[in-house]
Amino acid sequence: MSHANARTNLFARRLIVERVAAGWPPAHVAEQLGISRATVYKWLRRYAEGGEAALADRSSRPHRMPARTTKKVEQKVL
């Protein structure tokens, strides 16, 4: 299942990689799929770094939250 806000799904990400590998210019791939060139390059970079597995959906949860409410306050609210 794709991320709710994702402009591409796994199929489209594979298509990006396949088309560029087949010689399509990234700008044409972006135009055909209705996405930006930056998005095409992002998925190409991720594929180069991690292969097929890197095309999978990721969590959009932040890695850290420095201003997160403390557990003590959270429990009081609940």
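Me: Before we start, what does "buried" mean here?
Reply: A residue is buried when its relative accessible area is under 20%, and exposed when that figure is over 50%. Keep in mind that this is a predicted model.

Me: Okay, which residues of helix 1 are buried?
Reply: Helix 1 buries Ala-12, Arg-13, Leu-15, Ile-16 and Val-17. As for what sits over them, the cover includes helix 2 and helix 3.

Me: What about Arg-19, which lies in helix 1?
Reply: Anything between the two cut-offs is called partly exposed. Arg-19 comes out at 22% relative accessibility, so it counts as partly exposed. Setting aside neighbours within four places in sequence, Arg-19 touches Trp-24, Val-29, Gln-32 and Leu-33.

Me: How far is Arg-19 from Thr-69?
Reply: In sequence, 50 residues separate the pair; in space, their C-alpha atoms are 46 Å apart.

Me: How do I check a helix's length?
Reply: Compare its end-to-end reach with what you'd expect at 1.5 Å a residue. Helix 1, with 12 residues, reaches 17 Å from first C-alpha to last, close to the expected 16 Å. For the 14 residues of helix 3, the expected span is 20 Å and the end C-alpha atoms are 20 Å apart, so the two agree.

Me: And how do helix 1 and helix 3 sit against each other?
Reply: Look at the angle between their axes. The axes of helix 1 (residues 10–21) and helix 3 (residues 37–50) come within 10 Å and cross at roughly 85°. Angles from 65 to 115 degrees count as roughly perpendicular, so that is how helix 1 lies relative to helix 3.

Me: Which residues make that contact?
Reply: Helix 1 supplies Arg-13, Ile-16, Val-17 and Val-20, while helix 3 brings Val-40, Trp-43, Leu-44 and Tyr-47. By type, the contact has seven nonpolar residues, one charged and no polar.

Me: Which residues of helix 3 are buried, and where do they sit around the axis?
Reply: The buried ones are Thr-39, Val-40, Trp-43, Leu-44 and Arg-46. They cover an arc of only 165° around the axis, so they share the same side of helix 3. Their cover includes helix 1 and helix 2 (26–33).

Me: What's on the other side of helix 3?
Reply: There you'll find Arg-37, Ala-38, Ala-48 and Glu-49, which are exposed.

Me: One last thing: what does the backbone do just after helix 3?
Reply: Check the phi angle there. Gly-51, just after helix 3, takes a positive phi of about 70°.

Conventions: Residues numbered from 1 in each chain as written. Predicted model: local features only at pLDDT ≥ 70, side-chain atom pairs only at ≥ 80, totals over all residues. Heavy atoms only, no water. Axes fitted to C-alpha atoms, helices over the stretch in contact; angles between N-to-C directions. Helix = DSSP H or I, 4+ residues; strand = E, 2+ residues; numbered from the N terminus. Parallel < 35°, antiparallel > 145°, perpendicular 65-115°, else oblique. Contact = heavy atoms within 4.5 Å. Nonpolar A, V, L, I, M, F, W, Y, C, P; charged D, E, K, R; others polar. Expected span 1.5 Å × (residues − 1). Buried < 20%, exposed > 50% of the residue type's maximum accessible area, 1.4 Å probe, protein only. Arc of directions from axis to C-beta.
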